[in-house]
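Work through the exercises below with the sequence and the 3D view at hand. Try each task before reading its solution.

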Amino acid sequence: MNAAADVKTKRILISDPVERSLIAGLEEKGHMVDYRPELSQEQLMEILHDYNAVVVRSRTKLTSEVLQSGQNLQLIARAGIGTDNIDMDAAERLGIKVVTAAGSSTDSVAELNLALLIDIARRISFLNRQLRSGKFVKQAGTEIAGKTAGMIGFGRIGFQTANYLRALGLGILAYDLYESKELIGKVSGKYVSLDNLLGNSDFIFISVTLMGGSKEILGVEEFGKMKNGAILINTSRAEVVNLEALVKALKHGRLKGYGADVLWSEPPDSPLEKELISMDNVIITPHIGAQTIEAQGRVARMTLENMQKAMEDINR
Ligand code: NAD
């Protein structure tokens, strides 16, 4: 096991971009921090054995192979939410603790959900592009008040988005593996089956964690069950949607628009992703859900606190 387990000072590698306050906070606690946000996977595997803890966001992929190269690794900190870039089974098997900053960016992502919906419903980005190219054109959009929003995944972000939508006069349907009477009651909503949600929602939001069951939760069949002209918003992970089925649904008008903050490869590299990005009824932002000054501050504080607690536990 780890030779440095009884030493309070930890060697910490930060392999993705993080707030400076997190680095300063770790150093103030007496840890030795190496900030290497541009490391490739190969470089990571060469040096990981030198560290007791690694801090990642979503860029670094902590696969089983990478984790096995970190013989002295005791702790992984995900400075954010979503552990789909970490092989959690391998981490457990190797006795490596994992901490996250769950909840730190809920408001920021929920606000982005709202912004993407209104942008598509009122064609803001599209008409702005027209104006920039010298065309003064108008197009009727869709009001969102009085419509029905379907939340696939009703956890922190799904709930907070529904909370905002409720205040704007929308009805709420939700589908989740776990149901909370208290949460759904707060937005006067209703839990329904996925099929029911797809058939009755004008606007669909996906806010699920990416796990086995949620991968491609929306494919050809599910797009076929949606209301004609629905708008889909996805700020969770691209892989919860089948890309080919999505592009077809947009081309055939089954979907009126798609707003997202996530891609299958970031930055995008496949021709189909590039086609999707350039469609008039699509707006995709470059994974900025948690990119607000407020959320980044909370991520840094929460990651520092959670790491410190975990390291104290490890030292006991
Ligand atoms: P959460 O854990 O509070 O909520 C996720 C919900 O999804 C849970 O209620 C869970 O039961 C549900 N779920 C999981 N699999 C499901 C399935 N197959 N069918 C139905 N429901 C399912 O997480 P959260 O804080 O709301 O975050 C949700 C996701 O948003 C994260 O996992 C992450 O992928 C993404 N996220 C993106 C950004 C961004 O920058 N765009 C930032 C933060 C989080």
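**Exercise 1: Asp202 and its partners**

The side chain of Asp202 comes within 2.8 Å of the backbone nitrogen of Thr148. The model is a predicted one.

Task: Place Asp202 among the helices and strands, decide whether Asp202 is buried or exposed, and find which side chain makes a polar contact of 2.9 Å with that of Asp202.

Solution.
- Step 1. Locate the residue. Asp202 sits in the loop that links helix 9 (194–200) to strand 9 (203–206).
- Step 2. Check the accessibility. The relative accessible area of Asp202 is 17%. The cut-off for buried is under 20%. Asp202 is therefore buried.
- Step 3. Look for the side-chain partner. Lys227 is the answer: its side chain and that of Asp202 are joined by a polar contact of 2.9 Å.

**Exercise 2: The ligand site**

Task: State how many residues surround the ligand, sort them by class, and give the distances from the ligand to Asp176, Thr235 and Asp261.

Solution.
- Step 1. Count the shell. The ligand is surrounded by 26 residues. Arg156, Ile157, Asp176, Thr235 and Asp261 are the closest.
- Step 2. Sort by class. Eleven residues of the shell are nonpolar, eleven are polar and four are charged.
- Step 3. Take the ligand oxygen. One oxygen atom of the ligand lies 2.6 Å from a side-chain N or O atom of Asp176.
- Step 4. Take the ligand nitrogens. At Thr235, a backbone N or O atom is 3.0 Å from a nitrogen atom of the ligand. At Asp261, a side-chain N or O atom is 2.8 Å from a nitrogen atom of the ligand.
- Step 5. Add the cover. On its own, the ligand has 870 Å² of accessible area, and the protein covers 91% of that.

**Exercise 3: Ser15 and Ile124**

Task: Compare the settings of Ser15 and Ile124. Which are buried, exposed or partly exposed?

Solution.
- Step 1. Place Ser15. Its loop runs between strand 1 (11–14) and helix 1 (20–28).
- Step 2. Classify Ser15. A relative accessible area of 1% makes Ser15 buried.
- Step 3. Measure across the fold. Ser15 and Arg57 are 42 residues apart in sequence, yet their C-alpha atoms are 8.1 Å apart in space.
- Step 4. Place Ile124. This residue belongs to helix 6 (residues 124–132).
- Step 5. Classify Ile124. Its relative accessibility is 46%, so Ile124 counts as partly exposed.
- Step 6. Find the company of Ile124. Together with Ile118 and Leu168, Ile124 forms a nonpolar surface patch with about 230 Å² of accessible area.

Definitions and conventions:
Residues are numbered from 1 along each chain as its sequence is written. This is a predicted model: local features need pLDDT of at least 70, side-chain atom pairs count only at pLDDT 80 or more; totals for chains, interfaces and linings use all residues. Side-chain values use heavy atoms; hydrogens and water are left out. A residue is near a molecule or strand if one of its heavy atoms lies within 4 Å of it. A polar contact is a pair of N or O atoms within 3.5 Å; within protein, one must be able to donate a hydrogen and the other to accept it, and residues adjacent in sequence count only if both atoms are side-chain atoms. Accessible areas come from the Shrake-Rupley method with a 1.4 Å probe; for residues, only the protein chains shown count as cover. Ala, Val, Leu, Ile, Met, Phe, Trp, Tyr, Cys and Pro count as nonpolar, Asp, Glu, Lys and Arg as charged, and the others, Gly among them, as polar. Patches are made of residues with over 30% relative accessible area and no salt bridge: like charges are joined within 9 Å, nonpolar side chains (Val, Leu, Ile, Met, Phe, Trp, Tyr) within 5 Å. A salt bridge is a side-chain nitrogen of Lys or Arg within 4 Å of a carboxyl oxygen of Asp or Glu. Helices (H or I, at least four residues) and strands (E, at least two) are DSSP runs, numbered from the N terminus. Buried means under 20% relative accessible area, exposed over 50%, partly exposed in between (1.4 Å probe, protein chains only).
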